[in-house]
Amino acid sequence: MTTLSTNSGNEPTQTVSSRARTLWTACAAHALHDGYTDLIYLLLPIWQAEFALGYGALAFLRGLAAASMAGLQVPMGHLAERIGGRATLALGTALAAIGYVIAGYSGGLVGLCVALVVVGCGLSTQHPIASAAVSRAYQGDARGPLGTYNFSGDIGKAAIPSGASLLLAFMSWHHMLWALAVLGAIVAVAVAIFLPANLRPVAAEPKTAHGSSGARGGFALLLSIGIMDSSVRMGFLTFLPFLLKEQGASLSTIGQALALVFIGGAAGKFACGWLGARFGVLATVLLTEAGTAAAILAVLALPLAGILVLLPVVGVLLNGTSSVLYGTVPELVPPGRTEKAFAVFYTGTIGAGATAPILFGFLGDAVGSHGAIMATALTAAVILPLAIALAPRLPTAEAGG
């Protein structure tokens with residue numbers, strides 16, 4: 001028989017089995033949604049050849065999906081408050097699958113635009129709702145599970161595009177999309193069945209020792225750190241292939257180097273969520289961001305062989321902070337506003353990830369690629385005083401140090 005866990009007021013919350021069911025259902029949704037997101041990169045060259053699209057049209061297609069996904073995070077958080085997180089996430093997952101069905105029937109740019117807007121609308125439901133579900137299921141112990149949830153997205157990013165490429169050996173891209181839409185429908189049904197319906201918090205007060213005004217100030221700082229962290233990550237990854245090319249790396253070596261970063265990033269997301277739970281937010285963020293700044297500068301100084309050895313560590317540091325930040329969101333908002341807070345946080349970080357390469361790109365045109373990479377290291381260093389300022393606004397047990 002499963003035992004009931006309790007909150008600080010000794011009120012029963014979720015059973016152990018319900019917690020695990022919530023976590024793994026959220027992980028399945030995260031893997032599917034992130035896989036659907038990165039599937040677009042595989043489809044762009046296919047659509048270019050099929051419909052004779054230029055690079056501008058392809059960039060517009062990718063931007064449509066990203067904009068609809070980022071822009072609807074907050075509205076989907078509001079919808080979840082009205083009809084429930086389970087219904088919203090199940091419907092969003094089904095909508096994303098329908099979008100790919102539409103893409104499979106598309107015969108040109110207009111049809112693809114409609115399809116990707118539908119896909120983006122469906123994908124916008126996952127981050128705020130699944131994150132809030134995990135945080136509410138585990139409440140005070142959510143930081144480690146949120147790291148596991150964050151890691152699951154990287155599994156989907158690797159599995160779905162690679163699985164799609166295998167399917168293309170046996171079928172057309174139209175049929176491949178319809179097959180993956182079936183997978184989406186299965187996950188939508190699983191969400192509707194397995195994600196608990198009642199995810200409302202038991203605790204009546206927010207988990208902060210500093211009141212609502214301190215929590216609001218803390219959330220603004222946390223959001224600023226998240227935006228800058230996402231900017232560092234995407235800015236560095238934008239210039240890394242050019243740096244490797246300057247060092248004499250071939251295209252295959254550049255691909256392997258990026259794979260090393262992504263493998264390290266997946267490990268960092270998983271590990272740093274648990275490190276944050278053990279050592280506290282401040283210590284973990286100081287470690288990852290100071291390490292990121294130092295590692296980026298080391299990449300600039302090392303020869304190609306040294307860079308390749310260092311890249312998995314760079315990946316751990318670049319991505320590890322995000323798990324700590326996601327796990328901190330519920331600590332800084334009232335329990336009833338968890339979905340909305342996650343929606344705002346993801347809107348900021350996803351938006352920063354989309355705009356940072358453009359801004360760093362303009363900087364690179366002005367000062368060169370090495371100068372732009374050094375700017376990403378400087379941005380990581382700027383996060384350190386922000387983390388120190390955030391620490392007093394956290395519950396003592398979470399601030400750590």
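**Cores, cavities and a pocket in a predicted model**

The largest nonpolar core holds 75 residues, and those with the most contacts inside it are W47, L61, Y100 and Y149. A nonpolar core here is a set of buried Ala, Val, Leu, Ile, Met, Phe, Trp, Tyr and Cys residues joined through side-chain atoms within 4.5 Å, where buried means under 20% relative accessible area, exposed over 50% and partly exposed in between (1.4 Å probe, protein chains only). Helix α1 (residues 16-51) gives this core its largest share, 12 residues; helices (H or I, at least four residues) and strands (E, at least two) are DSSP runs, numbered from the N terminus. The model is a predicted one, so local features need pLDDT of at least 70 and side-chain atom pairs count only at pLDDT 80 or more, whereas totals for chains, interfaces and linings use all residues. Residues are numbered from 1 along each chain as its sequence is written, and side-chain values use heavy atoms, with hydrogens and water left out.

A closer look at L61 helps to picture the core. Apart from neighbours within four places in sequence, L61 is in contact (heavy atoms within 4.5 Å) with L44, W47, L53, L109, L112, C113 and L116. C113 counts as buried at 15% relative accessibility, and C27 does so at 5%. A second, separate core of 30 residues includes V232, L304, F360 and I373.

Empty space comes next. On a 1 Å grid over the protein atoms alone, a cavity is a set of points where a 1.4 Å probe fits but cannot get out, and a pocket is an open set with protein on both sides within 12 Å along at least five of seven lines; lining residues have an atom within 4 Å of a point. Grid points are joined across faces, edges and corners, and a volume is the space filled by probe spheres set on the points.

Two cavities of 30 Å³ or more turn up in the whole structure, and the largest has a volume of about 40 Å³. Among the residues that line this largest cavity are D229, R233, Y326 and F345. Helix α9 supplies the largest share of that lining, four residues.

The largest pocket encloses about 1600 Å³ of space. Of its 37 lining residues, D38, Y41, R62, K157 and M234 are the closest to its centre. Helix α13 gives the largest share of the pocket lining, seven residues.
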